[in-house]
Amino acid sequence: MKPIANSKLILGPPGCGKTHTLINLVRDALSLGVHPSRIGFVSFTTKAIREALDRACAEFNLTPKDFPHFRTLHATGYHGLGLQREDVMGGKDYKVLGEMLRLDFDGADRTSADDGILIPAIGGSGAKYMQGIMRARYRQVSLADEFNHMADHNLFYNKMRQVEEQLEKYKSAFQKVDFVDMIDHYIDQAMPPYLDLLIVDEGQDLTPLQWAMVRRMAEFANELVIAGDDDQAIHAWTGVEVRLFLNCSTNIEVLQQSYRLPRAVHAVAVRISSQIRNRLKKEFYPRDEEGSVRSIMRLEDAPLDQGSWTIMTRVNSFMWDIGDALENMGLYYRIKDRKSVPEDIIQNINTWVRLCNGEAVEKGLIEDLYKAVPKTGEAAAVVRGASKLLDAAAPDAQLDLIELQEAFGWIAPSHTRPRDLLRVSDDMWRYIRALEKRGEDLSQEPRIKVSTFHAMKGGQDDNCIVYLGSTKACMETKHWDDELRALYVAITRTKQNLYFLESDKKYRYTI
C-alpha cells in the first residue's frame, strides 16, 4: 500500500512525550486561527482520546464540545453515520441470533459505541466463530483465509459460514449494525468532516479496515499526522498489520528523548527491541539517571513493603497467581479494577466504626451498610423492612447509631465486631488484620498493582516487576516479533527500578 500523501509519521518511543508533541500541534493550529472544530484527533482506544481531550481542554480553556472530532474511530463511524443506540447490535440481538444458530453469545451487551473495542466482548459457545468473522472483516480477508489463520481444530468452517450468513440476514431484517459496520459503512457511505488538521494516534494498533477509514478521512484533511511506535504494536491478535503503519508515510520524525526510562532500563529495552525483525530503526535516549535492573527468584526478594509497584504477567492466569502470592505475604494490591479487599467491605467496616464512635454518618453510606448486614436469624443486625424505614429519612440526612436504633430498625449492639456484623470470612479477616498491622490504609489506592503486559500499555510506575513465565502458545508462536513487542512494552513501563521475576515453568522468557 502506498504512503499517504501530505502525511507525517511521528515515532514516539516509550516516555518520549508523544501526547505532549501532538497537543503542541493542536496549539500551533489554534494559534494560526484554526477553529477547534476543524481539528480531528482519532485513535483505536478511548484511553488515548480521553487523555488528548483532557489535555487540550485544560491547556486551551475549552470544553469537549469545542472538539467534536476528538473521537475513537468507532465513535467517529457511529456519529458520522447518524446512528442511535437502538441501531447497534446488543445483548438481546445476539441472544436471539444464538437461539437461531443453537449457539450462545454471552456478554455482547458489555461493549459500547465509544469503547474503541475491535472485537465485541462476546462469550459462550459462539464467541470464537463471531470473533473470527469480525477479524476477517477487520483484516479485509476472506472467511476461509481467516479460518485457516485461526487454525483452531475445535471450529468448523461450515458453521462459521452459517453464523456469518445468519448475522447478515439478521442485521438486514432488523436494520442493525455491528462494530465492524461502523467502520465499513463509514468508508462507503459517510461524508468525512473537512479538517485543517487530522491527527491519528496509536497508529500501530490499526487494522487494514481502519487504515482504509483513515485514508478516506485524509482525503478531506489539509494535513495528516500519524503517531505511534511500531515496537509497541501488541494487538496483532485483533487483526493489526504493522506493515501498514511502517509504510504509511515517507516523512518520518523520531522523538528521541525519553523522560521515563533510566539508563539501565533503557539498555535492556533496546536489547529487546533490536531483536524485532520487522521494525523501523530508531534511536532514542534515556533520562539522566541510572535506575536499576535486577533478577529475583521470589516475590519476597523485592522490597514490596515500600514504594509504588506494578507486577506484570504475560497472561491472565499468571496474574491471579501473583495476586494469591501477594495475599499470602499480607500485601495490599489491585488487579484490574478489583482491590484485594473488596471496596464494599472496607466502606462498611469504616461506616460501622464511625457509628460505634458516636459519629453521624451520611444516609447513602448507611443504606449500603443496611444492604450488607444479615436481616434474619440470630445474627440479624436490622429488623425486617428496616430499609423501607430508612427511605423516610431526608436524602441529605446524617444519622448516628442511637437514631438508627430508635427510629430505623437497627438492632445490632455497638460492641458487635465488624467481622461478625458483615459476616467476613476468617481468611479475609486475618488478611485485613495483617494489612492493618503493616500500616496499610485500606481507604487508599493500593501501592501494588498487578496487570498483564497488554493492559499496562500506556501506563508507568516507579518500580516494575516483569514475571518471565510464559505459555506454550506464546513461546512456540510463528510470530516471535509479537512476543518481543509485548515484552518490550512491559519492560518500558519502568521509571526507576526494574525486576525480572524468574519462573520455574517449562515455558519462560530468557532475558
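A residue counts as buried when its relative accessible area is under 20%, as exposed when that area is over 50%, and as partly exposed in between. This scale is a handy companion for the tour that follows, which concerns a predicted model. By the same cut-off, K171 is buried, because its relative accessible area is 4%. Its salt-bridge partner E168 is partly exposed, with a value of 37%.

The overall picture comes next. The protein has 511 residues, of which 52% count as buried. Its secondary structure comprises 20 helices and 15 strands, and the C-alpha trace spans about 75 × 60 × 60 Å along its principal axes. Contacts across the sequence are plentiful in one particular sense: among those between residues at least 6 apart, 78% join residues at least 24 apart. The accessible surface comes to about 24400 Å², with carbon and sulfur atoms contributing 47% of that area. As for charge, there are 66 positive and 73 negative side chains, and the centres of these two sets lie 4 Å apart.

Charged pairs deserve a closer look. Side chains of opposite charge can pair when their charged atoms come close. In this model, 44 salt bridges are found. One of them joins E168 and K171, with an N to O distance of 3.1 Å. Both residues belong to helix α7, which covers residues 157-174, and they are 3 residues apart, so about one helical turn separates them.

Other salt bridges reach across the sequence. E202 pairs with K457, and their closest N and O atoms are 3.2 Å apart. This pair links distant parts of the chain, since E202 sits in the loop between β4 (197-200) and α9 (208-218), while K457 sits in the loop between β13 (448-452) and β14 (461-467), 255 residues apart. E202 has a relative accessibility of 17% and therefore counts as buried; K457, with a relative accessible area of 14%, is buried too. The two residues also take part in a network of salt bridges that links K18, D201, E202, D205 and K457.

A further salt bridge is formed by D231 and R279, whose closest N and O atoms are 2.7 Å apart. Here again distant parts of the chain are linked: D231 lies in the loop between β5 (224-228) and α10 (242-246), and R279 in the loop between α11 (263-273) and β7 (292-296), with their positions 48 residues apart in sequence. Both D231 and R279 are buried.

D231 reappears among the neighbours of Y488. This tyrosine is located in helix α20, residues 480-491, and is buried, with a relative accessible area of 1%. Leaving aside residues up to four places away in sequence, Y488 touches P14, D229, D231, Q232, A269, I272, S273 and F284. By contrast, a separation of 42 Å lies between the C-alpha atoms of Y488 and N350, which are 138 residues apart along the chain.

Aromatic side chains add another set of pairings, and a search of the whole structure finds 11 aromatic pairs. In the pair F67 and F70, the ring centres are 4.7 Å apart and the planes meet at 50°, so the arrangement is tilted. F67 and F70 are both buried. Another aromatic pair, F318 with Y467, is edge-to-face, with 5.6 Å from centre to centre and 90° between the planes. F318 lies in helix α12 (residues 316-328) and Y467 in strand β14, so this pair ties together parts that are 149 residues apart in sequence. F318 counts as buried at 7% relative accessibility, and Y467 does so at 10%. Ring pairs also build a cluster from F41, F67 and F70.

The backbone offers a final point of interest. Most residues other than glycine have a negative phi. N6, however, has a positive phi near 55°. This residue is found in the segment before β1 (7-11), and at 63% relative accessibility it counts as exposed. R423, likewise not a glycine, has a positive phi of about 55°. R423 is placed in the loop between α17 (418-421) and α18 (426-437), and its relative accessibility of 55% makes it exposed.

Technical notes: Residues are numbered from 1 along each chain as its sequence is written. This is a predicted model: local features need pLDDT of at least 70, side-chain atom pairs count only at pLDDT 80 or more; totals for chains, interfaces and linings use all residues. Side-chain values use heavy atoms; hydrogens and water are left out. A salt bridge is a side-chain nitrogen of Lys or Arg within 4 Å of a carboxyl oxygen of Asp or Glu. Helices (H or I, at least four residues) and strands (E, at least two) are DSSP runs, numbered from the N terminus. Buried means under 20% relative accessible area, exposed over 50%, partly exposed in between (1.4 Å probe, protein chains only). Contact means heavy atoms within 4.5 Å. Accessible areas come from the Shrake-Rupley method with a 1.4 Å probe; for residues, only the protein chains shown count as cover. Lys and Arg count as positive and Asp and Glu as negative; His and the chain ends are not counted. The place of a charge is taken as NZ of Lys, CZ of Arg, CG of Asp or CD of Glu. Rings of Phe, Tyr and Trp (its six-membered ring) pair if their centres lie within 6.5 Å; planes under 30 degrees apart count as stacked, over 60 as edge-to-face and the rest as tilted.
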